[in-house]
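Me: Please give me a close look at a single part of this model, together with what surrounds that part. I should like the cut-offs behind each term to be stated.
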Amino acid sequence: MLGRSQHRLFSKKNVSLNPQVRNELNGDTLLIHAARNGLIDQVKFLLKKFKHDIDINATNLNNISAVAAAAAFGHLDIVDCLIQQGVNIKERNEKMLSPLDLAAANGQLAMVQHLVPKHIKHSKDIYLAIRHALDGADEKMENQRIATAEFLLTYFVQHNGFKNITNTELTELVADLANYPNIEISEAKNQHVRP
């Protein structure tokens, strides 16, 4: 079992380090814990030491992977490191949440700006991230979530348009955006009418 001082498990004195060990409370592996807490040196250490024995796509009890945890908390360097190791940045957990969705829901604008142009090309992924940014639970992060939604909406309109989005989904999105008077939605409204 991993305790409160999980970072101690990374000390050089610990010769029996096991990347499969999970925290009994949340099911975090060492990699998920390090990714969530922004411990880039520990992430690199685990990936190097256990190159063939570590599951980089493993999830905890909440179905959160290391890359999803890092994205949700805005740890760009860790997300990049995991992508270089071959993690699937577009993978959705059983709740249908991707790392981009979690970053958007937490108002991690820099993370979203980093991920979208490089790794996210499908308009449905951007649409879902906008919805998660608008539906995020943390009211303290509302300004960041709104800024994230604005970025995603602008990118969505400029690069992808509304391909692969149903009229119902588009109607719901425009209705959601109407609840945020500070978000510019004129482009979205103009594209709402389809031939």
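The part to be examined is helix H2 with its surroundings: which of its residues are buried, and what do they pack against?

Reply: The model is a predicted one, in which local features need pLDDT of at least 70, side-chain atom pairs count only at pLDDT 80 or more, and totals for chains, interfaces and linings use all residues. Residues are numbered from 1 along each chain as its sequence is written, and side-chain values use heavy atoms, with hydrogens and water left out.

The setting comes first. The protein chain holds 10 helices and zero strands; helices (H or I, at least four residues) and strands (E, at least two) are DSSP runs numbered from the N terminus. Of its 195 residues, 47% are buried, where buried means under 20% relative accessible area, exposed over 50% and partly exposed in between, for a 1.4 Å probe and protein chains only. Contacts (heavy atoms within 4.5 Å) often link distant parts of the sequence: among those between residues at least 6 apart, 68% join residues at least 24 apart.

Helix H2 covers residues 40-49. Its buried residues are Ile40, Val43, Leu46 and Leu47. Seen down the axis of H2, these residues fall within an arc of 130°, so they line one face of the helix; the arc is taken from the directions that run from the helix axis to the C-beta atoms. An α-helix has 3.6 residues a turn, so residues three or four places apart point the same way. On the other side of H2, Asp41 and Lys48 are exposed. The buried face of H2 packs against two helices, H1 (30-36) and H4 (76-84).

Helix H4, one of these two partners, contributes its own buried residues: Ile78, Val79, Cys81 and Leu82. They cover an arc of only 160° around the axis, which puts them on the same side of H4. The cover over the buried residues of H4 includes H2 itself, along with H1, H3 and H6 (109-119). Just after H4 comes Gly86, whose phi is positive, at about 100°.

On the side of H1, the segment before this helix includes Leu17. Leu17 is buried, at a relative accessible area of 11%. In sequence, Leu17 and Leu30 are separated by 13 residues, while their C-alpha atoms lie 9.4 Å apart in space.

The loop that joins H2 to H3 (66-72) contains Asn60. With a relative accessible area of 5%, Asn60 is buried. The side chain of Asn60 makes a polar contact of 2.8 Å with the side chain of Asp28; a polar contact is a pair of N or O atoms within 3.5 Å, of which, within protein, one must be able to donate a hydrogen and the other to accept it, and residues adjacent in sequence count only if both atoms are side-chain atoms. Setting aside its neighbours within four places in sequence, Asn60 touches Arg22, Asn26, Gly27, Asp28, Ile32 and Arg36.

Asn63 lies in the same loop, between H2 and H3. Asn63 is likewise buried, with a relative accessible area of 16%. Its backbone deserves attention: Asn63 is not a glycine, yet its phi is positive, at about 60°. Most residues other than glycine have a negative phi, and most peptide bonds are trans.

A comparable backbone feature occurs beyond H4. Met96, which is also not a glycine, has a positive phi of about 65° and belongs to the loop between H4 and H5. That loop also holds Ser98, ahead of H5 (99-105). Ser98 is buried, with a relative accessible area of 5%. Apart from neighbours within four places in sequence, its contacts are Lys90, Glu91 and Arg92.

To draw the parts together, H2 turns a face made of Ile40, Val43, Leu46 and Leu47 towards H1 and H4, whereas Asp41 and Lys48 are exposed on its other side. In the loop that follows H2, Asn60 is in contact with residues that include Ile32 and Arg36, and H1 spans 30-36.
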